[in-house]
Amino acid sequence: MSDNTIARNKSMTRFDQHDSVWLFGYGSLIFKADFPFIERRPAHIVGWSRRFWQGSHDHRGTVQAPGRVVTLIRDEGATCAGMAYLITPEVFDHLDYREKNGYLRLATDILFEDGSCTEGLIYIATEENAAFLGPAPECDIARQIAGAEGPSGRNADYLLGLAVALRELGKDDPHVFEIERHLQLLGEMNAEKDKDAT
Ligand code: BEZ
């Protein structure tokens with residue numbers, strides 16, 4: 001269930017001598033940056049798609065009822081929109097700890113809205129990690145998210161926060177918005193059931 005990735009991430013020394021590094025956020029980092037940063041800018045990466053394919057038993061679920069959070073899947077020609085943060089390398093200690101359940105640092109090109117590009121970092125959870133859940137129909141993902149809550153809060157709030165943040169950026173993500181739609185339908189069905197029961 002758990003791969004502790006802290007040691008593997010520490011051995012990724014690629015940017016250690018840099019004063020600052022761009023980190024691309026595509027999940028909760030878009031709407032919740034709990035670390036100091038020098039600057040942040042809307043950005044995107046190419047060749048990746050955001051998917052709710054990573055299990056979460058430490059943040060948005062439990063071992064008994066894991067939630068689902070996003071990771072990045074290789075997808076030639078796709079673009080994934082998010083938010084880039086310019087941070088000092090010390091911030092990686094915090095992120096390595098926070099994301100220790102399967103996420104690994106990876107160097108990649110980050111593209112900004114003015115057309116400029118820089119090499120920076122993403123955290124990804126690949127299918128080799130023990131918490132990886134993989135694909136499922138969006139309606140099933142929504143059902144799993146609706147029933148999950150962990151130390152960082154309700155899994156539904158994570159999904160809804162991400163959907164709101166993407167809309168604020170003016171970005172589409174059919175996978176995220178379809179799960180949001182199913183989650184809203186589930187909420188409406190439950191409200192109807194509660195009404196019938198009273
Ligand atoms: C992100 O929001 O970009 C993120 C997702 C998973 C792990 C670390 C960061």
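β2 supplies the largest share of the lining of the second largest pocket, 5 residues. That pocket has a volume of about 170 Å³, and the model in which it is found is a predicted one. The largest pocket has a volume of about 380 Å³, and its space is the one taken by the ligand. A search of the whole structure also finds 1 cavity of 30 Å³ or more.

**Second largest pocket**

- The lining of the second largest pocket consists of 13 residues.
- Arg50, Thr79, Cys80, Asp172 and Asp173 are the lining residues that lie nearest the centre of this pocket.
- Two or more lining residues come from each of β2, β3 and α6 (174–197).
- Sorted by class, the lining of the second largest pocket holds 4 nonpolar, 4 polar and 5 charged residues.

**Largest pocket**

- The largest pocket, with its volume of about 380 Å³, is lined by 25 residues.
- Nearest its centre lie Ser28, Arg98, Glu99, Tyr103 and Tyr158.
- The elements that contribute two or more residues to this lining are β1, α2, β2, β3 and α3 (91–98).
- The lining of the largest pocket divides by class into 10 nonpolar, 9 polar and 6 charged residues.

**Ligand in the largest pocket**

- The ligand takes up the space of the largest pocket, and β1 (21–25) and α2 (28–31) are the elements that give two or more residues to the shell around the ligand.
- The residues surrounding the ligand are Phe24, Gly25, Tyr26, Gly27, Ser28, Leu29, Glu99, Tyr103 and Tyr123.
- Ser28, Glu99 and Tyr103 belong to this shell and are also among the residues nearest the centre of the largest pocket.
- By class, the shell is made up of 5 nonpolar, 3 polar and 1 charged residues.

**Polar contacts and burial of the ligand**

- An oxygen atom of the ligand lies 2.7 Å from a polar backbone atom of Tyr26.
- For Gly27, the distance between a polar backbone atom and an oxygen atom of the ligand is 2.8 Å.
- A polar backbone atom of Leu29 is 3.0 Å from an oxygen atom of the ligand.
- The ligand taken alone exposes 260 Å², and the protein buries 97% of that area.

**Largest cavity**

- The largest cavity holds about 30 Å³ of space.
- Its lining residues are Pro42, Ala43, His44, Ala81, Gly82, Glu113, Leu169 and Lys171.
- β2 (39–56) and β3 (67–87) each provide at least two residues of this lining.
- The element that gives the most to the lining of the largest cavity is β2, with 3 residues.
- The lining of the largest cavity comprises 4 nonpolar, 2 polar and 2 charged residues.

**Elements that recur**

- β2 gives the most to the lining of the largest cavity, and the largest share of the lining of the second largest pocket comes from β2 as well.
- β3 supplies at least two residues to the lining of the largest cavity, and two or more to the lining of the second largest pocket and to that of the largest pocket.
- β1 and α2 each give two or more residues to the shell around the ligand and to the lining of the largest pocket.

Notes:
Residues numbered from 1 in each chain as written. Predicted model: local features only at pLDDT ≥ 70, side-chain atom pairs only at ≥ 80, totals over all residues. Heavy atoms only, no water. Near = heavy atom within 4 Å. Polar contact = N/O pair within 3.5 Å; in protein donor to acceptor, adjacent residues only side chain to side chain. Areas by Shrake-Rupley, 256 points an atom, 1.4 Å probe, with all protein chains shown as cover. 1 Å grid on protein atoms, 1.4 Å probe; cavity = no way out; pocket = protein on both sides within 12 Å on 5 of 7 lines; lining within 4 Å. Sits in = over half its atoms within 2 Å of the grid points. Helix = DSSP H or I, 4+ residues; strand = E, 2+ residues; numbered from the N terminus. Nonpolar A, V, L, I, M, F, W, Y, C, P; charged D, E, K, R; others polar. Points joined across faces, edges and corners; volume = space filled by probe spheres on them.
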